[in-house]
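Subject: Structure handover

Hello,

Here is the structure for you to take over. My notes on it follow below.

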Amino acid sequence: MRAFRSPWRFILPVVAVFATIAVGPFPLRAAATSIRIGVLAFRGAAYSSDEWAGTARAIEAGMPGVDVQVIPLDHAGMNRMVAAGEVDFVITNPGHYVELEVVHGISRIVTVDAKVPVASAIVVRRDRSDIRTLTDLRGKRIAIVGTDAFGGFQVAWREFAQAGLDPFSDFAGLESLGFPMTQVLDAVVSNKVDAGIVRGCLVEDREREGALAKGALRILSPRPSPLTPCVVSSRLYPDWPLARLRGTTPEIAKKVATALLTYVPADGTPAWTVPVDYQPVHELFKEMRIGPYEYLRHVTLTELAARYWHWLAAVMAGFLAWIWHVLRVERLVRRRTVELAAVNADLREEIVKRRRVEEQEALHRKELDHAARLSTLGEMAGGLAHELNQPLAAIANYADGCELRLRGGDIDRAGLVEATRLIRQQADRAAQVIQRMRAFVRKREPVHARLDVDELVQETIEFFEGLARRSGVVIGVALAPSLPAVNGDRVQLQQVVLNLLQNALDAMADNEPRTRRIEVATGPCEVGVCISVADHGTGMPADVKARLFEPFFTTKPDGLGIGLALCRSIIDEHGGRLTVDDTPGGGTLMRLSLPADTAEQTP
């Protein structure tokens with residue numbers, strides 16, 4: 001009889017569901033001291049016990065006092081033990097899982113993370129030159145584990161159908177050899193059959209183990225994929241899941257999942273990840289109309305009822321039971337939805353609180369930024385007064401000259417016009433000083449724009465020159481030509497450079513007058529553009545360097561310890577770096593690096 005064609009496979013799942021709901025879930029032991037895991041032993045019981053031993057040990061490590069038993073099973077044995085509730089968890093292939101999920105309501109909690117998706121490999125002997133494509137298998141004998149094997153038959157069945165082949169009518173025969181799957185390879189190698197279907201990577205595993213001569217077999221219709229290192233003949237599907245039975249309590253399932261997700265496996269031992277989407281398996285079953293979608297093979301419900309009218313009552317009972325189950329699940333879903341809504345409300349409230357804290361921190365930072373600029377301006381007050389005194393004194397001199405000429409009666413119109421122009425020039429100069437000062441100290445939102453680094457440094461030095469002259473400090477400037485522009489806030493970057501200049505000046509307070517010199521330079525660097533400020537003071541010890549950018553750490557008797565911390569914060573926001581090093585010959589070198597602005601400038 002051809003597999004998957006019997007109507008029993010449509011009727012029995014409905015009856016099984018009804019029976020399961022009527023009887024109720026199988027209760028897990030109240031105080032579990034052992035956990036039983038049924039595993040599909042596609043390569044034999046001994047191999048499966050060894051393969052999943054690491055998983056068992058991981059669960060025992062995460063649940064002290066619990067003994068984990070790994071029970072190797074075939075498809076029929078696993079179906080029987082799941083139906084009887086004789087295991088707590090199962091590990092099986094994706095296709096078998098989907099069937100058990102539909103029939104017995106098992107649910108996956110984790111998925112194998114072996115980086116090798118499930119697929120089929122259709123193998124022939126390398127010397128079979130008469131078999132090159134799937135269509136060459138027509139009229140040939142094919143070895144399989146069984147028609148219910150996922151990677152060993154069902155996945156390949158889909159590829160046969162796409163190639164226009166029906167394995168139940170176009171092949172000379174399907175030889176079901178059962179587990180272990182290695183029997184299929186042995187049958188092909190010994191020429192007992194023309195071809196075989198095995199799970200992907202089994203050929204490579206057997207060659208690596210030395211159980212199969214390398215190159216003895218060839219895989220038909222290879223489908224290269226970056227998701228698997230093995231040669232396969234089919235599409236790829238999700239890896240094996242570990243699923244809990246209905247009777248396994250959520251608390252135990254949660255502990256098992258936690259133990260496996262935190263488990264770090266040894267080399268060659270399967271790892272686990274969160275449950276993946278098994279929709280591709282459903283799509284395969286639906287397309288092939290097998291497993292839970294076998295009912296699609298029947299033409300109409302009327303025809304089904306005419307053939308199996310004696311089962312109609314059972315089907316209707318199962319349908320009513322299913323409706324009751326759906327309503328029960330809907331009620332559980334609604335309850336869960338209410339719980340999730342409450343959790344989401346708490347999360348939204350926490351997000352609002354966190355956002356409010358972040359806004360307050362941003363406001364405090366702006367206040368500190370403004371206070372730092374005012375502090376810097378106070379330290380430069382003497383220099384600014386000198387900057388303003390020069391144009392004001394010139395204005396007074398020109399005005400006195402005009403007054404003398406007017407009183408003497410010797411009116412030279414051209415001279416008066418020139419004097420008036422010079423007065424206006426000096427007034428503009430004083431206004432520019434005041435405007436720069438106001439722009440520097442006023443509260444404002446950062447405005448990022450393309451900036452010329454050399455121009456920014458030159459303006460900052462002009463702002464600082466008055467204080468430097470009053471302190472007897474010489475500023476040496478070396479500006480590199482043709483530097484790329486940077487994107488940043490002019491005032492914030494000027495504040496950083498002013499702070500570095502002020503620190504350099506303070507570092508040389510005890511120097512002899514002839515050694516009081518600050519070197520300012522610009523140039524290209526790896527990230528874009530660099531600005532360096534070097535002094536010739538006494539330098540700083542290693543422990544001070546390590547804490548230099550910590551908030552409220554200062555070496556000045558009257559310092560606040562916020563200047564360099566704010567500078568580091570500003571440069572971080574601009575995507576740059578601020579570092580400290582020793583100046584050759586003594587002193588400190590502060591280097592500020594900013595990324596170049598790669599955006600095209602609008603003409």
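To start with one pair of residues, Val112 stands opposite Trp272 in S11. Please keep in mind that this is a predicted model.

The strands around that pair

Strand S4 (residues 107-112) and S11 run antiparallel and are joined by two bridges. Both belong to an open sheet of six strands with mixed pairing, in the order S2-S1-S3-S10-S4-S11. Its edge strands are S2 (67-73) and S11 (272-273), each of which pairs on one side only.

Helix H3 (residues 53-62) lies across S1 (34-40), S2 and S11, and runs at about 155° to S2. One residue of helix H3 is Thr55. Is Thr55 buried or exposed? Its relative accessible area is 1%, under the 20% cut-off, so Thr55 counts as buried. Apart from neighbours within four places in sequence, Thr55 is in contact with Leu260 and with Trp272. Trp272 is also the residue in S11 that Val112 stands opposite.

Helices H7 and H8

Helix H8 (residues 202-209) is largely enclosed by the rest of the structure, because six of its eight residues are buried. The buried residues are Leu202, Val203, Glu204, Asp205, Arg206 and Glu207. The list therefore takes in Glu204, Asp205, Arg206 and Glu207 under the cut-off of 20% relative accessible area. Which elements cover the buried residues of H8? They include strand S5 (120-125), helix H7 (182-189), strand S8 (195-199) and strand S9 (217-219). After H8 comes Gly210, with a positive phi near 85°.

In H7, the residues Thr182, Val184, Leu185, Ala187 and Val188 are buried. Their cover includes S5, strand S6 (141-144), S8, H8 and S9. H7 and H8 thus each appear in the cover of the other: H7 for the buried residues of H8, and H8 for those of H7. Asn191, just after H7, also has a positive phi, of about 70°.

A nonpolar patch on the surface

Leu312, Met316, Phe319, Leu320, Trp322, Ile323, Val326 and Leu327 form a nonpolar surface patch, with about 770 Å² of accessible area together. Met316, one of these residues, is found in helix H12 (residues 312-379). With 44% relative accessibility, Met316 counts as partly exposed. In an α-helix there are 3.6 residues a turn, so residues three or four places apart point the same way.

Regards

Technical notes:
Residues numbered from 1 in each chain as written. Predicted model: local features only at pLDDT ≥ 70, side-chain atom pairs only at ≥ 80, totals over all residues. Heavy atoms only, no water. Patch = residues over 30% accessible without salt bridge, like charges linked within 9 Å, V, L, I, M, F, W, Y side chains within 5 Å. Areas by Shrake-Rupley, 256 points an atom, 1.4 Å probe, with all protein chains shown as cover. Salt bridge = Lys/Arg side-chain N within 4 Å of Asp/Glu carboxyl O. Helix = DSSP H or I, 4+ residues; strand = E, 2+ residues; numbered from the N terminus. Buried < 20%, exposed > 50% of the residue type's maximum accessible area, 1.4 Å probe, protein only. Contact = heavy atoms within 4.5 Å. Pairing = 2+ DSSP bridges. Axes fitted to C-alpha atoms, helices over the stretch in contact; angles between N-to-C directions.
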